[in-house]
Each structure stands twice: as C-alpha cells, then as structure tokens.
Amino acid sequence: MTREEFIKRKIREKGMTLKDYARSINMPYSTLLSMLAGNLGGASLDNVVRICNGLDTSIGTMQSAYMDGGLENNVTDLSEREKKLVLNYRAAGVLQEAIDKLLDLK
C-alpha cells in the first residue's frame, strides 16, 4: 500500500470526501490532490503533519503501512534480516546518501 493509498483509505474511513477533508484541515483542495497524486514525498513536513493529525494517526504509522505493504508487494524472497535492512534504509531519509557511500553503492 502506498502512503497516498493509506491516506485515502483513512479519509474514506472518516466518511469524508477529499474535498471535505481538505476543508476540515484548512488545506487547499488542490494541495491535497497534488500530494495524493504521488507528490507526498516532496510535500512540506507541515502539510504531512496536518494530514496525519486530521486522521488521528502519526507519520510513523503511515510510513509503516507504506513500508510493510510496499515491501511485501515487491520483494517476497528476502530473509527477515534483509527485510529489516531494507525498511531501515528506506526510513533513513537523508542518511541514505551516507549509507550508499559507506557501502560503496554509488
């Protein structure tokens, strides 16, 4: 499950349309649509926090749903240790460049 799918599902669970939800968190509807069209990774932290707070969820919960679903859907033959390494690497954010350099991946 992508982060965008996770957010859309949580909004549906609240019984709201995207437009109603955007209004409820005081965010322009166009901004929410852009974020949910695959631009969530480039969104401002403030906007992501606003969305998560409105859904009574944390960024960590959203990211876990994404990583767990994404990993299970894409790579099924990894050991548990390898899965943990991949998940930790994905969560490393800006540290990924340093990890790549350390492991001579670039």
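Colleague: In this model, is Glu-13 buried or exposed?
Modeller: The model is predicted, so local features need pLDDT of at least 70 and side-chain atom pairs 80 or more, while totals for chains, interfaces and linings use all residues. Residues count from 1 along each chain as its sequence is written, and side-chain values use heavy atoms, without hydrogens and water. Glu-13 has 53% relative accessibility (buried is under 20%, exposed over 50%, partly exposed in between; 1.4 Å probe, protein chains only). Glu-13 is therefore exposed.

Colleague: Which residue meets Glu-13 in a salt bridge?
Modeller: The contact spans 3.2 Å, N to O. A salt bridge needs a side-chain nitrogen of Lys or Arg within 4 Å of a carboxyl oxygen of Asp or Glu. The partner of Glu-13 is Arg-9.

Colleague: Which helix holds Arg-9 and Glu-13?
Modeller: Arg-9 is partly exposed, at 30% relative accessibility. Arg-9 and Glu-13 are four residues apart, so about one helical turn separates them. Their helix (a DSSP run of H or I, at least four residues, numbered from the N terminus) covers residues 3–13 and is α1.

Colleague: How many salt bridges does a search of the whole structure find?
Modeller: Arg-9 and Glu-13 form one of them. Asp-20 and Arg-23 form a salt bridge too, with their closest N and O atoms 3.2 Å apart. The whole-structure search finds two.

Colleague: Where do Asp-20 and Arg-23 lie?
Modeller: Asp-20 is partly exposed at 32% relative accessibility. Arg-23 has 58% relative accessible area, so Arg-23 counts as exposed. The two are three residues apart, about one turn of the helix. Both lie within residues 18–24, in helix α2.
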